[in-house]
Amino acid sequence: MSTEIERIVIAGAGQAGVQAALSLRIEGFAGKIALVGDEAFLPYQRPPLSKAYLKGSVTCDALQIAKPALLAERNIDLHLGEAVSGIDREKKCLLLAQGKALPYDRLILATGTRSRPLSIPGANLPGVVMLRTVTDADRLARLLGGARQIAIIGGGFIGLEFAAVARELDKQVIVIEASSRVMMRAVSPEISNFFEKTHRDKGATVICNEGVSEIVSENNQLKGIRLASGKEFPADLVMIGVGALPNCGIAEAAGLAVEDGILVNDALQTSDPHIFAIGDCCRVGADGGRYLTRIESVQNATDQGRHAAYVIMKAPSPYKAVPWFWSDQYEYKLQMAGLIFEADTQIIKGSPADGKFSVFSFKSGVFIGSESVNSPLDHVLTRKALNENIALSPDYLSDATVSIKQAIEAATAT
Ligand code: FAD
């Protein structure tokens, strides 16, 4: 498959794009690789932006995904601070806003997501921030220093991680979540309850089932937030964390199939077989994909980067990696493996009261995922079980004396 390929262009120099570039070299690609990103920074990791970087415990250099020397040594041609403006599919060229055109034999779209805007009055006031880029994080860190009362709109991962950082700095924090529980889209009720209680115990106010209708100001000066119910809370810093939208405008304008992400088959090819899409911006929508959803995580971005390189250089094969994710809030590390939305049975092991437990999820008797709080071994073992399709028995695991390790051993012994 690789013989006629001389030029590969990657749009988006984030976690997925960089991984794809490096993996192409690992797979033996000797032709030209151009990696184009609209941010002026060397490609960086986002997870620390809501954690260690915001606290000031790591520097910007420590966020780099790959050292510049490594990218140079692998002969990856970096175009930073250059936005992609379009794709000429007929001429097979990626068009840059500054007027350049980069010809390709294969194109990989890795454009990630952007923060979902919230269209309520006051959303553009000074002192209202979203968190996606290192520029956002620098601004947030500056504002955080002088802030006393912080309102966070959205009780998802980023909002709650920021809430933890702000409470650790002894700021007053209120989190408003429109759903009935925090992190509802991604975690089980047990995990939502644990983290909601943790945030309250640490001194934050958490209000669920309430929407923010307005960010209130006086003389363009931020004053607070008003809820749909009419209640008002003072704030001198508001963080909006209501999710992300995939960057698929360029793909759509080029006529590629797009539906909550750039649609790809299970070999990560878009509706144009010369164009691949990977990471946060894509959704595996074809039959055969094990996880038919758009996933926003470092693991998904890097595994898809590796997989696209493999498919381009070797042969089309289905992407089947088991998704996993983590979140750090206060002294708790939450680690998740698999996707648990469709669970009908959940078994808890360990003790939420001691801050060390796991929730194991099953659908129709089939093990589909785990969520572990300060229980890294449970996480590692369940990832292995999912990767190896080990048929765990919910009945056996529900015995309080049986650990996940024993349940795996029992399942593999038969
Ligand atoms: P990105 O890393 O976002 O890279 C996409 C790049 O493409 C960006 O640089 C973007 O500017 C660029 N781009 C977009 N459009 C264009 C264009 N037209 N022209 C040129 N360039 C373009 N994941 C975890 O697994 N664990 C965590 O704890 C975690 N924490 C997070 C905390 C924060 C604050 C954020 C924002 C994300 C977090 N994530 C976490 C998610 C994780 O960072 C993403 O899933 C991952 O970065 C996705 O990689 P990607 O390459 O698809 O997109």
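So, asparagine 389: with 60% relative accessibility, this one counts as exposed. Keep in mind that we're looking at a predicted model. Asparagine 389 sits in the loop between helix H9, residues 376-387, and helix H10, residues 394-397. And here's what caught my eye: its phi is positive, about 50 degrees, although the residue is not a glycine. Just as background, most residues other than glycine have a negative phi.

There's another asparagine to put beside that one. Asparagine 219 also isn't glycine, and its phi is near 50 degrees, so a positive value again, in the loop that connects strand E13 (212-218) and strand E14 (221-227). Buried or exposed, then, asparagine 219? Exposed, because its relative accessibility is 74%, and the cut-off for exposed is over 50%.

One more positive phi while we're here: aspartate 170, just after H5, comes in at about 65 degrees.

Okay, that takes us to H5 itself. Does the helix length make sense? What span should we expect for the 12 residues of H5, residues 157-168, at 1.5 Å a residue? It should be 16 Å, and the end C-alpha atoms are 17 Å apart, which agrees. H5 is mostly covered, too, with 10 of its 12 residues buried. Among them are Phe157, Leu160, Phe162 and Val165, but also Glu161 and Arg167.

Now hold on to Leu160, Ala163 and Ala164 of H5, which are on the buried list, as they come back with histidine 199. That histidine lies in helix H6, residues 189-201. It counts as buried because its relative accessible area is 0%, and buried means under 20%. Leaving aside neighbours within four places in sequence, histidine 199 is in contact with Leu160, Ala163 and Ala164, plus Ala204, Val206, Gln329 and Tyr330. With tyrosine 330 there's a polar contact, side chain to side chain, at 3.1 Å.

Last stop, a helix pair. Generally, you describe two packed helices by the angle between their axes and the distance between the axes. For H1 (residues 15-26) and H8 (residues 298-313), the angle is about 35 degrees and the axes are 8 Å apart. The crossing of H1 and H8 is right-handed. On the H1 side, the contact is made by Gln15, Ala16, Gln19, Ala20, Ser23 and Leu24. H8 brings in residues including Val298, Ala301, Gly305, Arg306 and Met313. What's the make-up of the H1 and H8 contact, by nonpolar, polar and charged? The residues divide into 8 nonpolar, 5 polar and 1 charged.

Technical notes:
Residues are numbered from 1 along each chain as its sequence is written. This is a predicted model: local features need pLDDT of at least 70, side-chain atom pairs count only at pLDDT 80 or more; totals for chains, interfaces and linings use all residues. Side-chain values use heavy atoms; hydrogens and water are left out. Axes are lines fitted to C-alpha atoms, for helices over the stretch in contact, and angles run from 0 to 180 degrees between N-to-C directions. Helices (H or I, at least four residues) and strands (E, at least two) are DSSP runs, numbered from the N terminus. A crossing is left-handed if the near helix is turned anticlockwise from the far one by less than a right angle, and right-handed if clockwise. Contact means heavy atoms within 4.5 Å. Ala, Val, Leu, Ile, Met, Phe, Trp, Tyr, Cys and Pro count as nonpolar, Asp, Glu, Lys and Arg as charged, and the others, Gly among them, as polar. The expected span of a helix is 1.5 Å times one less than its number of residues. Buried means under 20% relative accessible area, exposed over 50%, partly exposed in between (1.4 Å probe, protein chains only). A polar contact is a pair of N or O atoms within 3.5 Å; within protein, one must be able to donate a hydrogen and the other to accept it, and residues adjacent in sequence count only if both atoms are side-chain atoms.
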